[in-house]
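Hi everyone, thanks for making time. Let me put a model up on the screen and walk you through a few things in it.

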Amino acid sequence: RDTNLVKRRSETEQQYKRIGKSGCDQCTLCTEMCPRYLLGYPIQPHLVMRSLLTTGEVSETLSVHAQACCECNICTLWACPEQLNPRDICVSTKRDLKANDLWLTPEQLQGQTREVHSMREYRGLPSQRLTRKLGLAKYDSKTARWKNVDM
């Protein structure tokens, strides 16, 4: 219960939207580390975060950048230096896009794809460092504990 991961997952939508609206400095690290962005998909979490600053429930020009989000959580758990929650903002935005009939067709999304990012191979995620950052290192066991079972 005292890990960073549990604290972040217990925030309500109202809380993470309010904090994201006031705390995002548009550094673009969430976008630059996004695996789908690096593969050329039309996802830009920093623009979805910027959409929080617009009036209304959904910004038609900025919110569409959330639709290709695969919800891997790298933006939230690794990339954001402000400890914000771009992943959950993308999830909420995708829900709102569907509810407001702004969901793009696969053909429309395909039309927005780009070439694979030239830095893709250099932006891997060091899983051991992430485990330590999340406070989960004590649960990272390299050996399985087997029970002897008679057959």
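I'll go from the overall fold to the cavities, then to a surface patch and two backbone angles.

A word on ground rules. This is a predicted model, where local features need pLDDT of at least 70 and side-chain atom pairs count only at pLDDT 80 or more, while totals for chains, interfaces and linings use all residues. Residues are numbered from 1 along each chain as its sequence is written, and side-chain values use heavy atoms, with hydrogens and water left out.

So, the fold. The protein chain has nine helices and zero strands, taking helices (H or I, at least four residues) and strands (E, at least two) as DSSP runs numbered from the N terminus. Of its 151 residues, 36% count as buried, that is, under 20% relative accessible area, with exposed over 50% and partly exposed in between (1.4 Å probe, protein chains only).

Now the cavities. On a 1 Å grid over the protein atoms alone, a cavity is a set of points where a 1.4 Å probe fits but cannot get out, and lining residues have an atom within 4 Å of a point. Points are joined across faces, edges and corners, and a volume is the space filled by probe spheres set on them. The search turns up five cavities of 30 Å³ or more.

The largest is about 70 Å³. Its lining includes Cys34, Cys69, Cys70, Cys72 and Cys75, along with Arg36, Glu71 and Arg87. By class that lining has seven nonpolar, one polar and three charged residues; here Ala, Val, Leu, Ile, Met, Phe, Trp, Tyr, Cys and Pro count as nonpolar, Asp, Glu, Lys and Arg as charged, and the others, Gly among them, as polar.

The second largest comes in at about 50 Å³. Among its lining residues are Cys24, Cys27, Thr28, Cys30 and Cys80, and the lining divides into six nonpolar, two polar and two charged.

Two of these lining residues have a backbone twist. Which sign does phi take at threonine 28? Positive, near 70 degrees; threonine 28 sits in the loop between α2 (13–23) and α3 (29–33) and is partly exposed, at 25% relative accessible area. Glutamate 71 also has a positive phi, near 65 degrees, in the loop between α5 (45–51) and α6 (74–79), and is partly exposed at 32%. For context, most residues other than glycine have a negative phi.

That's my tour, so over to you for questions!

Terms used: On a 1 Å grid over the protein atoms alone, a cavity is a set of points where a 1.4 Å probe fits but cannot get out, and a pocket is an open set with protein on both sides within 12 Å along at least five of seven lines; lining residues have an atom within 4 Å of a point.
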